[in-house]
Amino acid sequence: MTGNAGSSTQENHFRQRLRVMAEKIVIFCRYYVPLIVLLPYRTLQFFYQIKTQVPIEPKHSSSFITDSEIQSEFAHHAPGVAMMNNGSFGCCPASVISALHQWQLKMFRQPSHFLLNELKNRILESRTIIKDHINAEDVDEVSIVDNISTAAAIVLQQTAWAFAEGKFNKGDAVIMFSCTYGAVKNSIEAYFSRAGGSVIEVPFNFPLNSNEEIISEFRKALEREKGNGRRVRLAVIDHVTCVPTVVMPVKQLVKICRDEGVEQVFIDAAHAVGSVDVDMQEIGADFYASTLYKWFFCPPVVSFLYCRKSATHSDLELHHPIVSHRYGKGLAEESFWVGTRDYSPYLVLPSVMEFVNRFEGGLKGIIKRNHDAVVEMGKMLAEAWGTNLGCPPDMCASMIMVGLPACLGISSDDDATKLRPHLCDKFGVEVRIHYQAPKDGEVGSTTGYVRICHQIYNKVDDYYKLRDAVNQLVRDGFTCALEVCICSAFIQFIGL
Ligand SMILES: Cc1ncc(COP(=O)(O)O)c(C=O)c1O
C-alpha cells in the first residue's frame, strides 16, 4: 500500500514536471522564437527601406492602383474643369505632395543639419534614380536643375565663353528648328548670337506625314551650310516639340549631326521623361535635358541636365548660371547647391517611383496608356469636327494636335491666345490652341489646332466636354474675327 502510494506520488511529481516543461517550451516558441527570428528581420527591413525607399521594379500583381485611387490622388484638381493641358505644367499626385511636405518639415525641424549634412546624399539618391532611368553611364553625368531654361543657360553659356576666348570664330553657327521653344530661342539669342554666332533656322512644316519630312529639311540645311563653309558648333533639337507637338526622330537627327561634323548636340527634352522612352546610349546626344514636373509627377520645379562624359573634355567648362560656394567643383555639385532655398522638390523622386510602380507596367505602362488614349480621343474629336490630326499617331506621345473647324476663324497667334481663356472661362476646358500660318500660296488649309494631352487622371468625359464646347461655338456662329471686333469696339467705347 505504502509502496504503491510512494510510486504514484513519484509518478505525479514526474508528470507535473513534464507539464511545466511543456508549458515553458510552448511559451518559448510562442513569444521568444518570433522575437529572435523577426527582430533582426524587421530591423534589416527597416534600414533597407530607409536606404532605398523605392521598390525598384514595377509591380507584377493584381494589386495595381484602382481608378478610384487614381481619382483620389488627384482630388485636389479644380472640380468641374476638364484639364487637358498636362503638357504645360504637369501634375502632382497627393502621395507625392505629401512626400514633398515631409521633406519640407524635415528641413524646418533642423535647417542647418538638413542642409549641411543630409541634402547632398538625398540629391545623390535622386540623381541615381534618374541615371538608371535614362541609362546614363555615370551618375556624374546627371545634374538636377530647376527647369529647361536653366539647362539651356548652362549649355549656351559655355558657347559664349568659347567666342570670348577665341575658341569659336565670328559667324560660327548654331542650328535649330523654327519650332524651338521660345525661351530656348531667347537663350540662343542672349548667349550665342550676342557673342558673334549666327543662327540657322530649319523650317518645321506642319501638318506632318512622316519623320522623313523633318529629317530631309534638317539634312538640306546642314548641307547648305557645309557648302558655305560655315562651322556648325551646336545643334539644338527638341525631343517632343511644344506646339505644334510631335515626337522628333532624335536618334536619326543626332546621327546626321555626327556625320556632318556638328560639334555638340543639345536635346531639349522638356516633355520626354514620362511620355516617351529615354535612353542616353541610344540617343547619343552630348546634352539632354528633361523636366520631371511635366510627365513624371514631380512638383514644380525639378528637371535634369545630362552631359555625356565623353563630351565634357577638359577644355569644356560647364557651370551653373547661379554661382555659389560650390563654383568650380563640377556641374553636378554646383547644381546641387545654388544658394539657400527649398530643395524639397529635388528629393521626391523615390516617392514618385513608388507611385508609378503602382501602375501595371510602371512608367512604361503609363506611357502606353496615355498614348493610346490621346490618339483615340484625338481621332474622336477630328471626326466630330470634320477635321484631321496634325500628324500620324506614331509621331506623337501623350499629346496630339487636332484641327479645329475653319469657321472659328483662327488667323493669328493672337486669336489662338484669346481662344484659350475663352474656352476655359465659358466651358471649363483647359487646352492649348495653336495658330498654323498657311504655307505660301496655300488656301483653305486648317489654321487652328487644339493640343490635347492625356494624363492618367483624364476621363473620356473631359474630351466630350471639349467636343461639345467647340460644337457650341460653331452653332453660335462664333469667330475669332468677330471677337476681336467686339473687343476693339469695347475698348474704343470705354476710351482706352
Ligand atoms: C520644348 C519645351 N522646352 C522648354 C519648356 C519649358 O521650359 P521651363 O522648364 O524652363 O519652363 C517647355 C514647356 O512647355 C517646352 O515645351
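Okay, so one definition before we start: a residue counts as near a molecule if its C-beta atom, placed from the backbone, lies within 6 Å of it. Keep that in mind, and remember that what you're looking at is a predicted model.

Right, the ligand. There are 14 residues around it, and the ones that come nearest are Asn 147, Ser 149, Tyr 181, Cys 242 and Ala 270. What's the mix of classes in that shell? It's 6 nonpolar, 6 polar and 2 charged residues. Two helices each give the shell at least two residues: H6, which is 148–164, and H7, which is 182–193.

Let me zoom out for a second. The chain has 16 helices and 12 strands. Of its 496 residues, 38% are buried. And if you take the contacts with a separation of 6 or more, 69% of them join residues 24 or more positions apart.

Now let's pick one residue, Val 174. You'll find Val 174 in strand S3, residues 173–177. Is Val 174 buried or exposed? Well, 23 other C-beta atoms sit within 10 Å of Val 174, and the cut-off for buried is 20 or more, so Val 174 is buried. Who's around it? Skipping neighbours within four places in sequence, Val 174 touches Ile 188, Phe 192, Gly 197, Val 199, Arg 233, Leu 234 and Val 236. Take Phe 192: it's 18 residues from Val 174 in sequence, but C-alpha to C-alpha the two are 7.9 Å apart in space.

Next up, a pair of helices. H5, residues 111–134, packs with H12, residues 349–356, at an angle of about 40°, and the axes are 9 Å apart. That makes H5 and H12 oblique to each other. On the H5 side, the contact uses Glu 125, Ser 126 and Ile 129; on the H12 side, Leu 349, Pro 350 and Met 353. Sort those contact residues by class and you get 4 nonpolar, 1 polar and 1 charged.

Last stop, helix H13, residues 362–385. Here's a fun check: with 24 residues at 1.5 Å a residue, H13 should span 34 Å, and its end C-alpha atoms are 35 Å apart, so that agrees. Which residues of H13 are buried? They're Leu 363, Ile 366, Ile 367, Asn 370, His 371, Val 374, Met 377, Gly 378 and Leu 381. When you look at that list, remember that an α-helix has 3.6 residues a turn, so residues three or four places apart point the same way. Covering those buried residues of H13 are, among others, H12, strands S9 and S12, and helix H15. And just after H13, Gly 386 takes a positive phi of about 65°.

Note on methods
Residues are numbered from 1 along each chain as its sequence is written. This is a predicted model: local features need pLDDT of at least 70, side-chain atom pairs count only at pLDDT 80 or more; totals for chains, interfaces and linings use all residues. Helices (H or I, at least four residues) and strands (E, at least two) are DSSP runs, numbered from the N terminus. Ala, Val, Leu, Ile, Met, Phe, Trp, Tyr, Cys and Pro count as nonpolar, Asp, Glu, Lys and Arg as charged, and the others, Gly among them, as polar. Axes are lines fitted to C-alpha atoms, for helices over the stretch in contact, and angles run from 0 to 180 degrees between N-to-C directions. Angles under 35 degrees count as roughly parallel, over 145 as roughly antiparallel, 65 to 115 as roughly perpendicular and the rest as oblique. Two residues are in contact if their C-beta atoms, placed from the backbone, lie within 7 Å. The expected span of a helix is 1.5 Å times one less than its number of residues. A residue is buried if 20 or more other C-beta atoms lie within 10 Å of its own, exposed if 12 or fewer, and partly exposed in between; C-beta atoms are placed from the backbone.
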